[in-house]
Amino acid sequence: MSRIGKAPVAVPAGVEVTVADGTVTVKGPKGTLSRVIPGDIEITQDDGTLTFERPNDERKNRALHGLTRSLVNNMVIGVTDGFKKELEIVGVGYRAEAQGPNALRLNLGFSHPVNVAAPEGISFEVPVPTQVVVTGIDKEVVGQVAANIRSIRKPEPYKGKGVRYAGERILRKAGKAGKK
């Protein structure tokens, strides 16, 4: 039995979960998320907890058991607390500016500024010109937007300049050795 899949998901007060036709919809104070559940995993709801059962021990069902539980748990967390990803910008002259809550202008050493528009449900904060916070209720979308911003100028291994996740450690390389 999957250790993750057999753990129940606690549904806090103020969150409504509906399961119908292989689709799970979660409504909470921050918004609504909906997802199609893969495979034959059955979700039962009783007394503020969700449990997940798989029909048999086939390889596919074992793989989807824990995945389904994690996806639904992330939906419940997203509509109650939300998710955020923090990015750091390192480099001389590299900075970010907020253009409202849904747009971002990045100066990353190119000959032009790079404008990034937020998809629906995502907002940007720029507390410091060298820090960007991506927030939203869908963990998958928040992570993808943060990865897209990071891919504009990935940290390079010699000086460490670029956009990195907060706390990310960049393996540095030694430069050219001096000629003797």
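Start with arginine 35 and glutamate 140. Their side chains meet in a salt bridge, 2.9 Å from N to O. Arginine 35 sits in strand β4, residues 31-36, and glutamate 140 sits in helix α2, residues 139-152, so the pair ties together parts that are 105 residues apart in sequence. Keep in mind that this is a predicted model.

How exposed are the two partners? Arginine 35 has 23% relative accessibility, so it counts as partly exposed. Glutamate 140 has 52%, so that one counts as exposed. The cut-off for exposed is over 50%.

How many salt bridges does the structure hold? Four. I will take two more of them.

Next, aspartate 57 and arginine 54. They form a salt bridge, with the closest N and O atoms 3.1 Å apart. Which side of this pair is buried, and which is exposed? Aspartate 57 is exposed, at a relative accessible area of 56%. Arginine 54 is at 12% relative accessibility, and that counts as buried. Under 20% is the cut-off here. So this bridge has one buried partner, arginine 54, and one exposed partner, aspartate 57.

Then lysine 84 and glutamate 86. Their side chains also meet in a salt bridge, at 3.5 Å from N to O. Lysine 84 is exposed, with 54% relative accessibility. Glutamate 86 is partly exposed, with 29%.

Now the strands. Look at β5, residues 42-46, and β6, residues 49-53. They run antiparallel, and five bridges join them. Together they form a hairpin, with two residues between the strands. In the turn, aspartate 47 has a positive phi of about 50°. For a pair across the hairpin, take isoleucine 43: the residue opposite, in β6, is phenylalanine 52. A general point on strands: when a strand is regular, its side chains alternate between the two faces of the sheet.

On to lysine 161. Where is it? In the loop between α2 and β13, the latter being residues 162-165. Buried or exposed? Neither: lysine 161 is partly exposed, with a relative accessible area of 30%. What does lysine 161 touch, once residues up to four places away in sequence are set aside? Val90, Gly91 and Tyr94, and also Lys154, Pro155 and Glu156. Glycine 109 is worth a look as well. Lysine 161 and glycine 109 are 52 residues apart in sequence, yet their C-alpha atoms are 9.8 Å apart in space.

Last, the whole chain. The protein has two helices and 13 strands. Its radius of gyration is 21 Å, and the globule rule gives 16 Å for 180 residues; 21 Å is well over that, so the protein is more spread out than a compact globule. The extents of the C-alpha trace are about 70 × 45 × 20 Å along the principal axes.

What share of the 180 residues counts as buried? The figure is 34%. The accessible surface comes to about 10,900 Å², and carbon and sulfur atoms hold 49% of that.

One more number, on contacts. Take those between residues at least 6 apart in sequence: 48% of them join residues at least 24 apart. The bridge I opened with, arginine 35 to glutamate 140, ties together parts 105 residues apart.

Technical notes:
Residues are numbered from 1 along each chain as its sequence is written. This is a predicted model: local features need pLDDT of at least 70, side-chain atom pairs count only at pLDDT 80 or more; totals for chains, interfaces and linings use all residues. Side-chain values use heavy atoms; hydrogens and water are left out. Two strands pair if DSSP finds at least two bridges between them. Helices (H or I, at least four residues) and strands (E, at least two) are DSSP runs, numbered from the N terminus. Buried means under 20% relative accessible area, exposed over 50%, partly exposed in between (1.4 Å probe, protein chains only). Contact means heavy atoms within 4.5 Å. The radius of gyration is taken over C-alpha atoms; the globule rule is 2.2 Å times the number of residues to the power 0.38. Accessible areas come from the Shrake-Rupley method with a 1.4 Å probe; for residues, only the protein chains shown count as cover.
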